[in-house]
Amino acid sequence: MAKVLNFPKGFLWGSSTSSYQVEGGIENCDWSKKYPAGRACDHYNRYEKDFDLIKKLNQNAHRFSIEWSRIEPEEGVFDEKEIEHYRKVLLALKERKIKSVVTLWHWTNPSWLAEKGGWANKEVIFYFKRYTETIVEELGDLVDFWVTLNEPMNHVIMGYFLGKFPPQKRNIFLILKVIKNLVLSHKVAYQVIHKKYPNGKVSISKIVNYYEPGRSWFLKERIITSIAHYFSNDYFLLKIKNHLDYIGFSYYFHYRITLLPFLNKKKKVSDVGWEIYPEGIYHVLKYLAKFKKPIYILENGLADAEDKNRKEFVTDHLIWVKKAIKEEVDVRGYFYWSLMDNFEWRKGFNPRFGLVEINYNTLERKIRPSAYYFAETCKNNRLVI
Ligand code: FCB
């Protein structure tokens with residue numbers, strides 16, 4: 001007999017995107033030259049049709065980001081036309097009764113800011129404040145949820161530790177500066193939003209990984225696991241915990257910390273080699289419960305060009321989410337990454353994360369079978385297995 005898992009009333013069901021990955025035509029940011037996304041999915045011009053797809057898939061919420069380099073192409077110069085564009089985007093969601101989750105910064109920086117040292121320059125706090133004020137003033141009436149920063153620690157690690165993302169640095173002193181500036185910028189943006197909208201719902205989207213020791217009886221592995229968890233998950237959230245109305249996070253990774261590499265076998269992986277480990281989302285939720293705030297899963301998904309594992313992936317993650325809810329973790333929404341295939345940063349267009357398949361020659365959209373399956377859960381607010 002089928003098992004039915006009900007989700008709490010008012011649960012948000014959605015999918016996420018980010019400007020650089022889907023819009024196309026972004027030529028003026030720190031990614032544009034080295035990793036051009038070209039016309040991407042041309043979502044900038046096709047957002048209405050794309051939102052019709054969201055509706056068709058019964059999702060009641062959508063997360064997307066505003067492109068700072070469009071809004072402020074030159075330092076202190078704000079582009080009215082681009083502000084108007086995002087107003088139309090937000091209105092298009094509203095017309096369709098889709099709640100908006102707006103990310104202010106999803107990794108891309110205007111070129112002028114990058115030239116000034118980006119997040120390593122403490123002036124960024126002022127710049128981000130001014131940009132946030134503009135958005136709050138011009139668009140705030142249409143925003144349901146705010147995400148100030150997307151995965152800030154990822155920017156730090158990829159951009160300043162591994163040197164893989166712009167600005168491709170490896171410098172411990174810069175790391176400390178960047179973290180400090182990200183923390184302060186979030187706090188300032190939080191205040192800016194709350195000044196105008198005291199009931200505004202503001203958070204970040206924190207990448208939260210699940211770390212476990214390879215051998216739980218082995219003290220050394222347990223200690224290393226705790227350290228990894230502390231720096232990668234806890235550190236940033238603790239710094240901003242008094243400036244969060246909810247906890248937004250993404251879950252993709254599970255790490256078995258062990259001195260014996262053979263214990264570290266990944267059982268099942270996605271097209272990009274990331275381990276599929278649904279149970280981890282449960283442990284992450286149990287950990288996040290300590291902040292005593294409503295929790296929204298703002299990204300979870302996999303690269304799966306043939307759509308072989310997506311249905312099972314979503315189902316299995318939701319089973320673990322439901323277990324956490326049953327144990328009184330206050331989870332209020334689940335956003336799949338991504339609504340559509342898109343530009344996956346350094347990996348380009350190869351990885352296929354979308355519920356909707358994109359034909360990059362014709363830009364045609366095609367809903368994948370797993371998306372119809374997920375749509376049933378979104379429609380009925382329950383998972384049937
Ligand atoms: C997350 C990013 C998102 C996307 C997914 C696959 O870390 O926030 O933009 O690239 O990974």
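In this short talk I go through a few local features of the structure shown above.

Please bear in mind that this is a predicted model, in which local features need pLDDT of at least 70 and side-chain atom pairs count only at pLDDT 80 or more, while totals for chains, interfaces and linings use all residues. Residues are numbered from 1 along each chain as its sequence is written, and side-chain values use heavy atoms, with hydrogens and water left out.

Let me start with helix H7, residues 152-161, where helices (H or I, at least four residues) and strands (E, at least two) are DSSP runs numbered from the N terminus. Eight of the ten residues of H7 are buried, so this helix is largely enclosed by the rest of the structure; buried means under 20% relative accessible area, exposed over 50%, and partly exposed in between, with a 1.4 Å probe and protein chains only. Among the buried residues of H7 are Met153, His155 and Tyr160, and the elements that cover the buried residues include strand E4 (99-105), strand E5 (145-150) and helix H8 (172-196), where contact means heavy atoms within 4.5 Å. After H7 comes glycine 163, with a positive phi near 70°. In the loop between H7 and H8 we find proline 167, which is joined to proline 166 by a cis peptide bond with omega of about 10°.

A second cis peptide bond to look at joins tryptophan 337 and serine 338, with omega about 15°, and serine 338 belongs to the loop between strand E11 (331-337) and strand E12 (356-358). That loop also holds tryptophan 345, which has a positive phi of about 50° although it is not a glycine, and which counts as buried at 5% relative accessibility.

Which residues does threonine 17 touch, leaving aside those up to four places away in sequence? They are Val22, His62, Arg63, Phe64, Ser65, Trp337, Ser338, Leu339 and Met340, and threonine 17 itself, in the loop between strand E2 (12-16) and H1, is buried at 1% relative accessibility.

Finally, consider aspartate 271, in the loop between strand E9 (254-257) and helix H10 (279-288), which is partly exposed at 45% relative accessibility. Its C-alpha atom is separated by 5.6 Å from that of aspartate 304, although the two residues are 33 residues apart along the chain. Not counting residues up to four places away in sequence, aspartate 271 touches Ala303, Asp304 and Ala305.
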